[in-house]
Amino acid sequence: MIQESRFLIEMADTVQEKIVQCQKAGMEFHEELHNLGAKEGLKGRKLNKATESFAWNITVLKGQGDLLKSAKNEALENMKQIQLACLSCGLSKAPSSAAEAKSKRSLEAIEEKEGGEENGKLRP
């Protein structure tokens, strides 16, 4: 999972940029689509259907770009949570930076509530 998340994080921006480029090219082409379709002999319903299908495909591209961006953000969040979990469980090497040391200190500051109270409920 970590390897796949790293791959997603590393590649997402490049793929996202390619999607945006395709979307922009499609939008430029869309302006001429009606004239090109008419020039190729499409009329009436067929021309409208081709134009609608093309517009739908552009919309799908945008949606896929948005999903990719969300997936990257989710992978980043997952990696942060994994790192924090490793730090809190002592599964990590000694902190190599001030940020890691600060994270470890803040996790150590979390103490269990006294009196058996957990999540606002008393244990019997």
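User: What makes Phe7, Met11 and Val15 a nonpolar patch on the surface?

Analyst: In this predicted model, Phe7, Met11 and Val15 together have about 260 Å² of accessible area, a value from the Shrake-Rupley method with a 1.4 Å probe, where for residues only the protein chains shown count as cover. They are called a patch because patches are made of residues with over 30% relative accessible area and no salt bridge, with nonpolar side chains (Val, Leu, Ile, Met, Phe, Trp, Tyr) joined within 5 Å and like charges within 9 Å; a salt bridge is a side-chain nitrogen of Lys or Arg within 4 Å of a carboxyl oxygen of Asp or Glu. Phe7 is found in helix α1. An α-helix has 3.6 residues a turn, so residues three or four places apart point the same way.

User: Why is Ser5 called buried or exposed?

Analyst: Ser5 has a relative accessible area of 8% and is therefore buried, since buried means under 20%, exposed over 50% and partly exposed in between (1.4 Å probe, protein chains only). Ser5, found in helix α1, touches Ala75 and Met79, not counting residues up to four places away in sequence, where contact means heavy atoms within 4.5 Å. Ala75 is among the buried residues of α2, which include Leu47, Phe54 and Ile58.

User: Why is His34 placed in a class other than buried?

Analyst: The relative accessible area of His34 is 43%, so His34 is partly exposed. His34 lies in helix α1 (residues 2–39), and the C-alpha atoms of His34 and Thr51 are 6.9 Å apart in space, although the two residues are 17 apart in sequence.

User: How do you know that the span of helix α2 is close to the one expected?

Analyst: Helix α2 (residues 44–89) has 46 residues and reaches 67 Å from its first C-alpha to its last, against the 68 Å expected; the expected span is 1.5 Å times one less than the number of residues. After α2 comes Gly90, whose phi is positive, near 75 degrees.

User: What makes the pattern of the chain α-α-α-β-β?

Analyst: The chain has three helices and two strands, which read along the sequence in that order; helices (H or I, at least four residues) and strands (E, at least two) are DSSP runs, numbered from the N terminus.

User: Which conventions apply to these values?

Analyst: Local features need pLDDT of at least 70 and side-chain atom pairs count only at pLDDT 80 or more, while totals for chains, interfaces and linings use all residues. Residues are numbered from 1 along each chain as its sequence is written, and side-chain values use heavy atoms, leaving out hydrogens and water.
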